[in-house]
Amino acid sequence: MGYKKIIFLFISFLLTLSSFGQNTDISKINIDELTDDQIIQLVNRANLKGLSGDQMEQKAAEAGLTPEQIAKLKTRMAKLEGNGRSTKDNASDPGIYDRNGNTGKSNQDHEFKAPNKIFGSEFFSNQNLTFEPNLKIATPSNYILGPGDKLVLDIYGYSETQYKLEVSPDGFIRIPSVGPVFVSGLSMEEARIRVRKQLATVYAGLNSGKTSFQMVLGEIRSIRVTLIGEVAHPASYTLPSLATIANALYLSGGPSQNGSLRSIDLVRDGKKVASFDFYDFLLHGDLSKNMLLRDQDVIRVNPYIKRVELAGEVKRPAIYEMTGKENLKDVIDFSGGFSDMANKELIT
């Protein structure tokens, strides 16, 4: 290793030391107590300052290291170069280091590659993944009826009959011998109670228990939902009325490059009625806030506020989105935690 190169490296190191603050007593620093990784990291940070050679020499003169300290520094840096651990190899390396001071670099080229994927984005770009609503499940009791839904009414026991009725544009179903019953805007359970009450005026066995009644959803209607904001393909979409926020997001291609996965608003009749955090589903499988959609709903994807790039010895390196109340521990938890090789005391 050339003498000039050693001088350049230890000057860079001095710059970093002097950046600790005006109260730092450089002359009291024990070079022998600094680890190789500490030297590498400190020199790297100094190299990022973009100072010219003359400026570096001037700062070194102001640092005030003793000749003994300078000699030790040159010896340490020469030793690092001799062992193949160049102080420039890891320049600008952010991340969590392993036990050997590396950040998951290849043993062949020692090139650090930062994660370039946003956590959760692959959910919307996976061609083999479908996220369509299941239309074969039992109708949820909180499903809201509307024009176009088709109901099947079964009356059995002392009396036997079946009706297949469609909710009219004005919200009624018309039951033979009973008359119109308004059901639009009611949940399935609320509509079932109302219809049974009207049927009991004609089928007396419903009150005595000799006749039973069941009402199910035969065919569901279509609804129109609009996605706006930071969406890959903002537009109005036609969806089955069993669709949820997540279904609509998937159909639209998900949030755009600047879109948030954690701040997704459901707007109904001009008012925000829910806020959906997609991390609840991705990390915990929680879809409790993934609300059923209604006709003319608007889904607004807000821009992200803060993202953190997590690299190195973690189980799932990626770019993670953070809310205002979260910290480094939360981001590491998002990644699945440290890998087995991680050095938890060396994080930059």
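Let's go straight to a pair of side chains: Thr238 and Arg224 meet in a polar contact of 2.4 Å. Please keep in mind that this is a predicted model, so every distance I quote today is computed from it.

Thr238 sits in strand β8, which covers residues 235–240. Is Thr238 buried, partly exposed or exposed? Its relative accessibility is 47%, and because buried means under 20% and exposed over 50%, Thr238 counts as partly exposed. Leaving aside residues up to four places away in sequence, Thr238 touches Ser222, Ile223 and Arg224. Looking further along the chain, Ala248 is ten residues from Thr238, and their C-alpha atoms are separated by 9.3 Å.

Let me zoom out for a moment. The protein chain has 348 residues, and 41% of them count as buried. Its secondary structure comes to ten helices and 14 strands. If you take contacts between residues at least 6 apart in sequence, 64% of them join residues at least 24 apart.

Now, on to one of the sheets. Here we have an open sheet of three strands, in the order β3-β2-β6, with antiparallel pairing. The edges belong to β3 (161–166) and β6 (211–219); each has a single partner strand, so one side of each is left without a neighbour in the sheet. From one strand to the next, the twist averages 15°. As a reminder, strands of a sheet pair through backbone hydrogen bonds, either parallel or antiparallel. Between β2, residues 150–157, and β3 there are six bridges, and the two run antiparallel. If you want a spot to click on, Lys150 stands opposite Glu166 in β3.

Packed on this sheet is helix α6, residues 188–199, which touches β2 and β6. The direction of α6 makes about 135° with that of β6. What span should we expect for α6? With twelve residues at 1.5 Å a residue, the helix should span 16 Å, and its end C-alpha atoms are 16 Å apart, which agrees.

Which residues of α6 are buried? They are Met188, Ala191, Val195 and Leu199. These four cover an arc of only 70° around the axis, which puts them on the same side of α6. Turn to the face away from that buried side and you find the exposed residues Ile193 and Lys197. As for what the buried residues pack against, the partners are β2, β4 (172–175), β5 (179–182), α7 (205–208) and β6.

Just ahead of that helix is a residue I'd like to show you. Leu186 lies in the loop between β5 and α6, and with a relative accessible area of 15% it is buried. Not counting residues up to four places away in sequence, Leu186 touches Tyr143, Ile144, Leu145, Ala191 and Arg194. Ala191 is one of the buried residues of α6 we just met. Leu186 and Ile144 are 42 residues apart in sequence, yet 5.5 Å apart in space, C-alpha to C-alpha.

One last stop, in another loop. Asn290 lies between α9 (278–284) and β11 (298–303). Is Asn290 buried or exposed? It is buried, at 11% relative accessible area. The side chain of Asn290 reaches the backbone nitrogen of Ile245 at 3.2 Å. Again setting aside residues up to four places away in sequence, Asn290 touches Thr244, Ile245, Ala246 and Phe276.

That's my tour, thanks for listening!

How values were computed:
Residues numbered from 1 in each chain as written. Predicted model: local features only at pLDDT ≥ 70, side-chain atom pairs only at ≥ 80, totals over all residues. Heavy atoms only, no water. Buried < 20%, exposed > 50% of the residue type's maximum accessible area, 1.4 Å probe, protein only. Polar contact = N/O pair within 3.5 Å; in protein donor to acceptor, adjacent residues only side chain to side chain. Contact = heavy atoms within 4.5 Å. Pairing = 2+ DSSP bridges. Axes fitted to C-alpha atoms, helices over the stretch in contact; angles between N-to-C directions. Expected span 1.5 Å × (residues − 1). Arc of directions from axis to C-beta.
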